[in-house]
Amino acid sequence: MELYHIHTLGNKDRMYKPNKEIIINKGLYNNRLFERVMDTKTAVPVSEFPISSNMLNQILSYGGFTQYTNEVSLVNLLDVLVTSDGTNEEKIKALKEARKIILNMQFLKRELSVEDYRKDNFPDKPSRLHAMYACNEEGINYWTNIIGMIDADIYRIDACDEVFHTNEQLLPFEESTYRESYALASRYFNPRKKDFNLYQDEYLIQGRVRILEKVEEIRR
């Protein structure tokens, strides 16, 4: 089955060569989604959060550093925000960092609930965390915009073995509870194709994949 794969540079670059066949092994191939799930944190490194000594002392007094690293935890960061006499600039920065952490936690909850639903109900279907993602030609522009300001190459590929066709629209909302997200994952793994916006189709691939050609380079 011929599809298109958007490969973001810096992750398994050597695998992507025209006329090369690669194997996407179940449970062994870790994609970028897997790496994001595994790297989700609930703290902010001090090096990425420049603050005055006054606010730093308040964070220390609240126990806002994790035990083994110089990181400000989300909970203590929010505690400090409501009591601190730090500058408005510092508080805005802290709110922005807290927002990023919360969004990452919502994403993590959704992906874990969807993966748990798959394991419990469709263990033979590809995992979102261990599959190669592909799209149809109509979706190239949409998915390149989704990846944002990241360098990437677009390849035309031939998926020789297992391909699971579904659609991004069918994923649970990230704001849902774990229970709600788990239940709603049934739509993703039982897609009704008539409900799809074609450009949001996504294909989860496992098994043999032949790289046919590089069709575009995206450099931000």
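This section describes the two largest pockets of a predicted model and the burial pattern of one of its helices.

The largest pocket encloses about 1,000 Å³ of space. Its lining comprises 34 residues, and those nearest the pocket centre are Arg32, Leu33, Trp143, Ile146 and Ile147. Two or more lining residues come from each of strand S1 (2-8), helix H1 (32-38), helix H4 (88-121), strand S5 (132-134) and helix H5 (140-147). Of these elements, S1 makes the largest contribution, with five residues. By residue class, the lining of the largest pocket consists of 19 nonpolar, seven polar and eight charged residues.

For the second largest pocket, the volume is about 320 Å³. Arg36, Asp39, Thr40, Lys41, Ala43, Val44, Pro45 and Glu48 contribute to the lining of this pocket, together with Glu97, Lys100, Ile101 and Asn104. Strand S3 (43-45) and H4 each provide at least two of the lining residues, and H4 gives the most, with four. The lining of the second largest pocket contains four nonpolar, two polar and six charged residues.

In helix H3 (residues 74-83), Leu74, Asn76, Leu77, Val80 and Leu81 are buried. Viewed down the axis of H3, these buried residues fall within an arc of 165 degrees and therefore line one face of the helix. In an α-helix there are 3.6 residues a turn, so residues three or four places apart point the same way. The face of H3 turned away from the buried side bears Val75 and Val82, both of which are exposed.

How values were computed. Residues are numbered from 1 along each chain as its sequence is written. This is a predicted model: local features need pLDDT of at least 70, side-chain atom pairs count only at pLDDT 80 or more; totals for chains, interfaces and linings use all residues. Side-chain values use heavy atoms; hydrogens and water are left out. Buried means under 20% relative accessible area, exposed over 50%, partly exposed in between (1.4 Å probe, protein chains only). The arc is that of the directions from the helix axis to the C-beta atoms. On a 1 Å grid over the protein atoms alone, a cavity is a set of points where a 1.4 Å probe fits but cannot get out, and a pocket is an open set with protein on both sides within 12 Å along at least five of seven lines; lining residues have an atom within 4 Å of a point. Grid points are joined across faces, edges and corners, and a volume is the space filled by probe spheres set on the points. Ala, Val, Leu, Ile, Met, Phe, Trp, Tyr, Cys and Pro count as nonpolar, Asp, Glu, Lys and Arg as charged, and the others, Gly among them, as polar.
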